[in-house]
Every structure is written in structure tokens, then in C-alpha cells.
Amino acid sequence: MANTILRKRSLIPGTTSELVVDAPHIAAKARPGNFVILRVCPDGERIPLTIADADPTAGTITIVYLVLGKTTAHLETLGEGDGILDLCGPLGRATDIHKLPGEVICVGGGTGIAAMHHIAKGHHKAGNYVVGVIGARSRELLLFYDELKAICPEVLVSTNDGSFGRQGLVTELLQERLKNSPLVSEVVGVGPVPMMEAVAKVTKPFGVKTTVSLNSIMVDGIGMCGACRVSVGGKTKFACVDGPEFDGQLVDYRELSQRLGAFKPQEQRSYEEFKKSHVCKCTHS
Amino acid sequence: MSANAPTPKGKKTGPRTPMPEQAPAARVKNFSEVALGYTPDLAKAEAVRCLSCKKPPCRKGCPVEIDIPGFIARIVANDLDGAYKVIRETNSLPAVCGRVCPQEVQCEGQCILGKKHEPVAIGRLERFVADAHLSASACETLTGGDECKLVREDLKVACIGSGPSSLTVAGYLAAQGIKVTVFEALHELGGVLVYGIPEFRLPKAIVRQEIDAMRAQGVEFKTNWVGGMTITVPELLEQGYKAVFIGVGAGLPKFLGVPGENLIGMFSANEFLTRVNLGRAYKFPEADTPVIAGKNVVVFGGGNVAMDAARTAMRLGADAVTLAYRRGEPEMPARKEELHHAKEEGLILKCLHGPIEFTGDDKGYLTGVRLQKMTLGEPDASGRCRPVVCEGDTCEVPCDMAVVAVGTGANPLIPQTTPGLSVNKWGYIEADPETGETNMPGVFAGGDIVTGAATVISAMGAGRKAAKEIARRLLG
Ligand SMILES: Cc1cc2nc3c(=O)[nH]c(=O)nc-3n(C[C@H](O)[C@H](O)[C@H](O)COP(=O)(O)OP(=O)(O)OC[C@H]3O[C@@H](n4cnc5c(N)ncnc54)[C@H](O)[C@@H]3O)c2cc1C
Ligand SMILES: Cc1cc2nc3c(=O)[nH]c(=O)nc-3n(C[C@H](O)[C@H](O)[C@H](O)COP(=O)(O)OP(=O)(O)OC[C@H]3O[C@@H](n4cnc5c(N)ncnc54)[C@H](O)[C@@H]3O)c2cc1C
Ligand code: FES
């Protein structure tokens, strides 16, 4: 059945999960960089999630989400065999991928690693030498290490506490790599806004093409509302149809961060109410 | 509340029969429909005013040429079924049109009575007939009995988008026994009728009933399918659809192009209305989609969209809603009834004012807007007077929310993914005005994506033309 969750895997217990969903028509079209918009319940909010992987033969897509508020928490209550009420995609422009002379460095942070995975895989398939650079606060919070290992000849890891890989930040690893590499054709950064901003800052002196994937607030995802607008090179762009990927040097990160907080009080209220009602539901069943 | 005594039978020159409506003070606090509709008595009182002209000019004023005197005569004769059938011959969404058409420039604008007295309230009568019928069973509603044709699965047609243009194509073709599949990008069907026009003007239940009626006729609806992304036009043709109708509307919101437009609290009308209508943000937190309920709201624009945004902001609890429009009140393109209702509800009009700049605090929240005074100059190409800047005459209006309703552009998603499809210089799809066919054989287009933002009835008119041509080709 379309939209049915076929497999669920907890990546970080309680906060991050991976779903493999039956969605043949989306899987057939999904390219790296695309995302879906889903709704979990009637009167639910439409939220965008990146397609972390797609298998057109099996007719499935993979999504990975961090539980952050009402909708993702509700999604987390679903299990294998459950259906996702509304699932729409693929949306957004696909990543521009072709054979490049030098290596491609794919930097991922937090849940962004899963989103970055699909892009890295695309570059790998195009015959590019992909270097994965990923980071998390500590070892148990690191996602998709094995998946990336399968497609990247090198995966560089940093953790804030040093429990795995190098102690420090991904940007430090990136800087070293840029210094030591003979030829880097492109750097891709996917993760929290401050991380993407920092990636762009590090790559700037090297003059290397830098692509970031923006996660602005979206409603329709097909260019009809402008909720997702971001300033890129001083121009207003709609992340859902002009992006979500943009030139990392041109993005107004401050505006993006501020706009991501536009509905904070309402979101908190919504989450609180959900937690209350959800406890209720659990005791019933 | 405002229903006067019915016009005495036979008195045609008296004032038109008012339609009961919610009182302004009450309705501004709720999202229920403002205009309540005629009772049978009121409808009859109004219907008898019709002169039953031999060559009715009202019919010429109707983009789908409803036999207006014909249906009104049946109201007088107590034959509501007959009246409905007459309307349905040319209009597949009468309950919607009775509510949202700009009748004053269409049918009612042509009414002979209107030359000396008030025109017959055709829109209200159309709504009355349609509402009276919505309770009847679906197939009967559409075709007047068990005449529903068997759907031929071998003759299939695809519609992209589910606004009034596509729905008209679907309704018309289904009645001819042609299998129609409608692909809609959003999770709800109806286009602007559900995500744009608010509940208090067009209850969603009405749109849903019209759609259910089509479903009962065999039309298949697929939501969450994005034309150009989930499936492309060439793929639909490959899959055996004999024709594809593109009715995706003119979605892309325009902004004002002045500094500060991305501050928090600044919305396009599309975003604001979509959050409230499609996302049901008016019942947050019961519904999850949030919206900012501004206390001091400024809306930019002078059309129906601006009116809907302003009146929605009032209902979300704003203390003051100001409408800033660059031209004068007579130039406003909104339906007169909407402007009238909005003023009754407390809308502050600031005509001849345009924005120069939005200001915000250091956290990125909107705090105010600087407005430029304008005056009217010479008429421009559109025939409307051009607004001219009054140098040095500006003012500040504090606000925590602003809504931009200054029009939309063409959504490029379909043209970008349909190689060879002709569009004009603004990105609107080029279609034959007679048949709706694009430069690609078998691919038709109509509604706002062809004309730019227009009206429900003109989108339906375009759908009807295309549907007739498609039916002619498929059925011979
Ligand atoms: C193109 C794109 C791809 C994304 N991919 C992923 C992904 O693969 N995995 C993942 O975990 N997250 C992803 N996100 C972010 C994800 O959409 C939000 O975390 C989610 O909407 C939170 O919803 P909530 O109701 O659980 O939390 P809320 O409490 O409602 O929101 C928490 C925060 O999420 C953001 N947010 C809220 N609503 C939306 C919305 N409608 N659209 C976008 N952001 C919103 C806001 O910054 C908000 O402060 C992506 C966002 C975009 C735009
Ligand atoms: C707020 C507002 C108030 C209005 N008030 C009035 C009024 O009072 N009277 C009046 O006559 N007119 C009014 N209009 C104008 C009228 O609603 C439109 O002219 C009319 O709806 C156009 O119909 P359409 O079929 O062309 O497209 P739309 O109604 O715009 O519907 C298009 C549909 O296509 C879908 N879509 C878009 N892209 C894709 C895609 N790629 N794949 C699949 N689906 C897609 C959209 O989600 C949408 O559902 C108003 C408009 C607005 C926004
Ligand atoms: S999400 Fe509405 S335009 Fe991008």
C-alpha cells in the first residue's frame, strides 16, 4: 500500500529514526537533493523531509528525522505497517551532479548527514571521488557512518567529546582537507544553519564551489506561498522550487536563522499539548 | 437580520430583496459564512422582479451563458429541480459561482432593470437554487436522475490541478462517460476555492459536496501528485491518456520589492490564507499549522485577495486592520460586496498609499511600514489611472503583521518539465482561445495559468471550452 511504513529503525533512541516507506511513484522520480512533504494526521501540519535514499526497483524511499516538535513526535509514534496520511514528492530541484575532475567533499552535521548521504551517493554514482566529512557531539549521535563508508573511499569523523574520530568540529577537518588536497571540485554542506555558515566561511579563501541545502519553513513546497523565501546574493529565492540547494557564499544565514524561529511560541504550545494528549493515548492502549 | 419585507408580487422596480447576513459585530469574531442565503419566500420575491427579456442581455454578460431568465422563471413556478437543471446545463459549480462571481460586472451589470432601478439579484438566486439542490443525491444532482453514463475506461483524460477550471473539465467529460483522473499537488481538492477563499465567504463543505458529486460520477481524484514532479505531461500521454488538461492556476506570489520584506510577520496573501484555510490555523492549536495573529495589520492590494486577507486578520483577533492601496477606492478591483462587508467590519482604508520600506527590530520582527502618498495620474495601458508619487509626502504606520496581496505570477513547474510547451513572455501557457489547446497536440490548458489571475467563472469558461473540444475529438 502506498505510504505504508515498511521498515523503521531507531538511529538515536527517542530522537532520530529512519523510515523506509512504500512510495513507488516518488521513488521512481527521486533524485539526490529532492525532498518530500508529509502530513501525519487530519489537521496536521505539512512538513518537509529530505529523501535520504530511494530504491526505484523496490518502490521505496527512505526518510530520516529528528524529533523536534509536534509533527515529528507524532511521526515517531507510527510503526511498521502504519500509513503516512499524506506524502507528496519528489519536490525541489535535484542536486546538480556530473563527473568532476577533483574530489567532492560532502560535509554533514546532525540529521543533515542523512540528507547529505543521498547527494554523496549521487556523486559516487557519477564516478566522483567523494570524501565524507561528518560530525556529532558524541559517538552514539553519529548517523549513517556505515552507509557513507559504502560509497565514500574516505569518511572523516569528528566528535565534540572525542569519543569517535577526531575531537573537534567538522569544519576543522574540512579546512585541513582543503589545505592538503591537490584538487577539490566542490564542497557540499548539509546540517544546522550555523554549520553550513561555518562551512562556507572555511571554503571561501579556497575559492571552491560550495553548495548548501537550506531548510527554511515551508507550506506548499511548490512555489505558491513564499513562506520558504531566503535571500541569496541579495535576491529573494523560494527554497522549495529555486532550491533547496544554493551557493553557500551568497546565503543570508542570519535572516534564515531568524525566519526559522518565526513560529517558536506556537510550536512550543503545540508540542506541549501533543505530549499531554499522547500520554493519554498510551495509557488507553 | 437585514431582510426587509419581501417585494410585493409583481413590483419589479422596487429595491432588490436583501439577503440575510450575520451582523458585523458577531461575524467578525467567527469564520462562519457571512451571507446566509435566501429563504424560498425571499427567493421568490426576488425572482418575480425578472422581466424575462426576449433577448436577455444578462445571459451575454455571463461567461458561461447560463439561461438566466429560464432558471428564474422556474423559481417563480416553484420548479427548483428544473431551475437547477437549467443552470447545470452550462455551469458545473453553481453553488460556488453564486457566491464568488463578480456579478456586478457580469450578468447583473447587463440587467435591463439595472439601467433605471436595481438589477435582479441573479447571483443570490443562483446560490439559492444550487444550495437547495446540494442535499439531493449526487448523480441526481448532476444529471437529474439515473442518467449517469457508464464510464468508458478506455477513454481516459488527465487534469492537472483541481481548481475550478479542471473541475469543470472533469464534470463535463464525466457526464459524457469519459474517464477523468485529476492530479492535485496539495492534500485537498478545489484549488483557490479551498486554500484561498476563506470559509466565511465560501464554506469548504460546498466545494467538497460539488467534488463528491463528481466522484460519484466516476471522476478519480489523486491528491499529493505534483504535475511535473511526481508525473510529467509527456508521461501522462505515454500512459495512454488521450488528452491532458493543465489547470494549475497562477500560484507564484509577487512581493513588493521594497526593503524589509522578509521580516518575521510579513506574509504573502497566499501564505497567510493557505495557513488559515488549508492548514485550518484559525483553530490552532487544535490544528497544527501555526499563523501569526497580528494585532496591527496592514494589507497591501485592492482585490478580492486583499479583502479576504484583511477580513481573515480581523477574525484572528486583530485590533486594527488597514488596507493600503496605491490607487483610489473606485479603482479597487474587489467585488463591491466584499469591500462593503469589509468596511462594515471595521476595515481602515488607506487609499493612494504605497509601501516604501518595512522596518524591524534586531531579532528580525516586523515593527512598521513607511508609506508613500500617491495621487492619480494619466490612464495607463490598462485604462486605469496610474498612481504617481507625491514627493516628500510619507508616513509611518506601526504594525506587527503585513500581508502582501498585489498579484501572482505563473508557476513555472509545468512548463519547465514539459519540453516544447509554448508560454508567453510572462510565463503563462499559450492556448487557443477557442479550444484551449496548447501548441502540443492533445495538451490543453485553461484558467489562471493561461490568463493570469482572473475569476472563478472565467476559469470555468475556459475549462468548458476545452472539455467540449476534448469530448468532440474522443467521441466524434
Ligand atoms: C527542504 C527541507 C528538508 C528537510 N529535511 C529534513 C530531514 O531530512 N530530517 C529532519 O529531521 N528535518 C528536516 N527538515 C526540517 C523539518 O522539516 C523540521 O524539523 C520539521 O518541520 C519540524 O516539525 P515539528 O512539527 O516536529 O516541529 P516544530 O516544533 O513545529 O518545529 C521545530 C522547528 O522546525 C522548523 N519547522 C517547523 N515547521 C516547519 C515547516 N513546515 N517547514 C520547515 N521547517 C519547519 C522550525 O525552524 C521550527 O522552529 C527539513 C526542512 C526542509 C525545509
Ligand atoms: C484569496 C482569493 C480570493 C478570490 N476571490 C475570488 C472571487 O471572489 N471571485 C472570483 O471569481 N474569483 C476569485 N479569485 C480568483 C479565482 O479563485 C481564480 O481565478 C480561480 O480559482 C482560478 O482557477 P484555476 O482552475 O485556474 O486554478 P486554481 O484555483 O488556482 O487551482 C489550481 C490548482 O492546481 C494545483 N496545482 C498547482 N500546480 C500544480 C502541479 N504542478 N501539479 C498538480 N496540481 C497543481 C494547485 O494546488 C491548485 O489546487 C480569488 C482568488 C484568491 C487567491
Ligand atoms: S513552500 Fe510555499 S513557496 Fe516554497
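**Figure 1. Phe245(B) faces Phe444(B) in a predicted model**. Phe245(B) stands opposite Phe444(B), a residue of strand 15 of chain B. Strand 4 of chain B covers residues 243–246. Strands 4 and 15 of chain B pair in the parallel sense, over 3 bridges.

**Figure 2. The open sheet of chain B has 5 strands**. Their order is 3-2-1-4-15, and the pairing is parallel. Strand 3 (220–222) and strand 15 (443–445) of chain B stand at the edges. Each has a single partner strand, so one side of each lacks a neighbour in the sheet. On average, neighbouring strands of this sheet are turned by 25 degrees against each other, direction ignored.

**Figure 3. Polar contacts of ligand 1 with chain A**. An N or O atom in the side chain of Thr50(A) is 2.9 Å from a nitrogen atom of ligand 1. Val64(A) places a backbone N or O atom 2.8 Å from a nitrogen atom of the ligand. At Thr71(A), a backbone N or O atom lies 2.9 Å from an oxygen atom of ligand 1. On its own, ligand 1 has 860 Å² of accessible area; the protein covers 90% of this.

**Figure 4. The shell around ligand 1**. There are 24 residues around the ligand, and those that come nearest are Pro48(A), Leu66(A), Thr72(A), Leu260(A) and Glu267(A). By class, 12 are nonpolar, 7 polar and 5 charged. Strand 4 of chain A gives the most to the shell, with 4 residues.

**Figure 5. Ligand 1 lies between two domains of chain A**. Domain 1 (5–91) and domain 2 (103–260) both give residues to the shell, so ligand 1 lies between them.

Key:
Residues numbered from 1 in each chain as written. Chains lettered and ligands numbered in written order. Predicted model: local features only at pLDDT ≥ 70, side-chain atom pairs only at ≥ 80, totals over all residues. Heavy atoms only, no water. Near = heavy atom within 4 Å. Polar contact = N/O pair within 3.5 Å; in protein donor to acceptor, adjacent residues only side chain to side chain. Areas by Shrake-Rupley, 256 points an atom, 1.4 Å probe, with all protein chains shown as cover. Helix = DSSP H or I, 4+ residues; strand = E, 2+ residues; numbered from the N terminus. Nonpolar A, V, L, I, M, F, W, Y, C, P; charged D, E, K, R; others polar. Domains from an automatic or database assignment. Pairing = 2+ DSSP bridges. Axes fitted to C-alpha atoms, helices over the stretch in contact; angles between N-to-C directions.
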